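Me: Please take a close look at a single part of this model and start with one residue that you find worth inspecting. From there, I would like one connected account that I can follow with the structure open beside me.

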Amino acid sequence: MPDAHDSAPWASDEDIERAGEALLRAVRASFSPSVADLSLRDASAQLGIDRGLAWKLQRLLTTEDPLLALHDSPSVPGLRKLAAAAGRSSDSAESRARLGEAADEFARLLDRFPDGRNGLRAALCHSIPQAKTAADRDARRMLAQATSHLHGFAADVSYNIMVLRPAPDGQDTILRARVAGLFGFRRLRQHRAHRILVTTMPEPEPQDSNSWILTTLEGRASNDLRDYVIPEFTTIDTNHVRIQRDGRHATLWCLLNTPPINQPSDLVYGQRAGRLSPRYATSEGEYTHSAFSNRMGSGVLVVDLLLHRDAFPDADPPELVQTMVTEIDPRRIEGPPSSIPGQLDQPVEVMPLGHGLARSGSPDAALAPDILKTVFNQLGEDPNEFRLYRYRQTYPVPQGVWIFWFPMPQRASMST
């Protein structure tokens, strides 16, 4: 077994910056600044390199930041190609040698990071915002693709709707409706069964009138999971699925070998919960939340959150916290957003879309406006009484929990 002391030492911030400075010096000594003014086509032809490498060379010639130079640098083989191009263009062995040495130093730097180039880019994230954005997106994409490969299923779009309004019966509580949709849901591997929906079913006869009451969107209690599926937006063949009950939990499974590989289907279901959470701040807490977990790898996750005009007026927009299922049980959360452990630092687009559904169109989910209209019809609610917020993330983290936080107003402020 190799001794731990034989491995390359960790690279410090100073080591990284020195490597970037050496790379910039070598590039500027080997190529004329005028190369940066050429079109990609002309630079590629003049130096005998492909356009992708020419673009990276121009980036190096136009930056003063050694850290950004390392982030945008070609690979080690790419730097060796630039060294050969520098030797041809100047007929100088010194130019070739200078860039060759820079390539060697870059290779040694990468050896000092776990996972090589990916490790270096992760280290650069704290200094270069665009590096963090790109690294986060690539990491989420790889994680979603890996999860999809292991499970054997994926979806193009995961679309979720959350509707919150004050209880109509005079109680100081908030009612919630939730709709979840998978569009372009498909099998990627044979011989895999997979859960595509897990939900809680109504209690047969709730003993506590203040307990959660789970029903269909229309308000009807049912023990049949199919009654919660919205058929006009669901294309999955029911012959390909099986429903399994375990106590109050029901699971919809895709069976082995069906549907066929890469056959896209859509699934949309909805459920309403009564007496879900308090409406006003109390001595016990000033926040409430609504959470859901993203179980499947997908290309895009869209959440439409609709708040009644009389619900949580200080949440504009509601704050989103992301964490992992392994870090927290979303059913047992106490305290403000800062109390959540293991938060995921992942960017999400937040779009306040005003009242009603006039701006509910989505390039990701073409059926979003029709689904929203159907949901409000089934709920018997006027969508113009609700303000709409849309949250969007590409390649959401599978097994991630999205927690929306709402500061609860004092009772007096709601009545004024």
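Reply: Arg 59 is partly exposed, because its relative accessible area of 34% falls between the 20% under which a residue counts as buried and the 50% over which it counts as exposed. This is a predicted model, and within it Arg 59 is found in helix α3, which covers residues 51-61. Its C-alpha atom is 7.8 Å from that of Ala 69, although the two residues are 10 apart in sequence.

The pocket is a good place to go next. The second largest pocket has a volume of about 200 Å³, and its lining includes His 71, Asn 118, Gly 119, Arg 121 and Ala 122. Ala 131, Ala 134, Ala 135, Asp 138, Ala 139, Arg 141 and Met 142 also line this pocket. Two helices, α7 (117-124) and α8 (129-151), each supply at least two of the lining residues, and the largest share, seven residues, comes from α8. By residue type, the lining divides into six nonpolar, three polar and three charged residues.

Just before α7 in the chain there is a backbone feature to check. Most residues other than glycine have a negative phi, whereas Asp 115 has a positive phi of about 70° without being a glycine. Asp 115 lies in the loop between α6 (93-111) and α7, and Asp 115 counts as exposed because its relative accessible area is 59%, which is over the 50% cut-off.

A second residue with a positive phi sits in another setting. Phe 312, which is not a glycine either, has a positive phi of about 50° and lies in the loop between β9 and β10. Phe 312 is buried, with a relative accessible area of 1%, so it falls under the 20% limit. The loop between β9 (298-308) and β10 also holds Pro 317, and the peptide bond that leads from Asp 316 to Pro 317 is cis, with omega near -5°. As background, most peptide bonds are trans.

That loop leads into β10, which belongs to a sheet. The sheet is open and has three strands in the order β8-β13-β10, with antiparallel pairing. Its edge strands are β8 (287-294) and β10 (319-324), each of which pairs on one side only. Neighbouring strands in this sheet are turned by 25° against each other on average, with direction ignored. Strands of a sheet pair through backbone hydrogen bonds. Here β8 pairs with β13 (residues 400-407) in the antiparallel sense over eight bridges, and one pair to look for is Ser 293 with its bridge partner in β13, Val 401.

Seen over the whole chain, the secondary structure comes to 10 helices and 13 strands. Buried residues make up 48% of the 416 residues, and Phe 312 is one of the residues described here as buried. Among contacts between residues at least 6 apart in sequence, 78% join residues that are at least 24 apart.

Terms used. Residues are numbered from 1 along each chain as its sequence is written. This is a predicted model: local features need pLDDT of at least 70, side-chain atom pairs count only at pLDDT 80 or more; totals for chains, interfaces and linings use all residues. Side-chain values use heavy atoms; hydrogens and water are left out. Two strands pair if DSSP finds at least two bridges between them. Helices (H or I, at least four residues) and strands (E, at least two) are DSSP runs, numbered from the N terminus. Axes are lines fitted to C-alpha atoms, for helices over the stretch in contact, and angles run from 0 to 180 degrees between N-to-C directions. On a 1 Å grid over the protein atoms alone, a cavity is a set of points where a 1.4 Å probe fits but cannot get out, and a pocket is an open set with protein on both sides within 12 Å along at least five of seven lines; lining residues have an atom within 4 Å of a point. Grid points are joined across faces, edges and corners, and a volume is the space filled by probe spheres set on the points. Ala, Val, Leu, Ile, Met, Phe, Trp, Tyr, Cys and Pro count as nonpolar, Asp, Glu, Lys and Arg as charged, and the others, Gly among them, as polar. Buried means under 20% relative accessible area, exposed over 50%, partly exposed in between (1.4 Å probe, protein chains only). Contact means heavy atoms within 4.5 Å.
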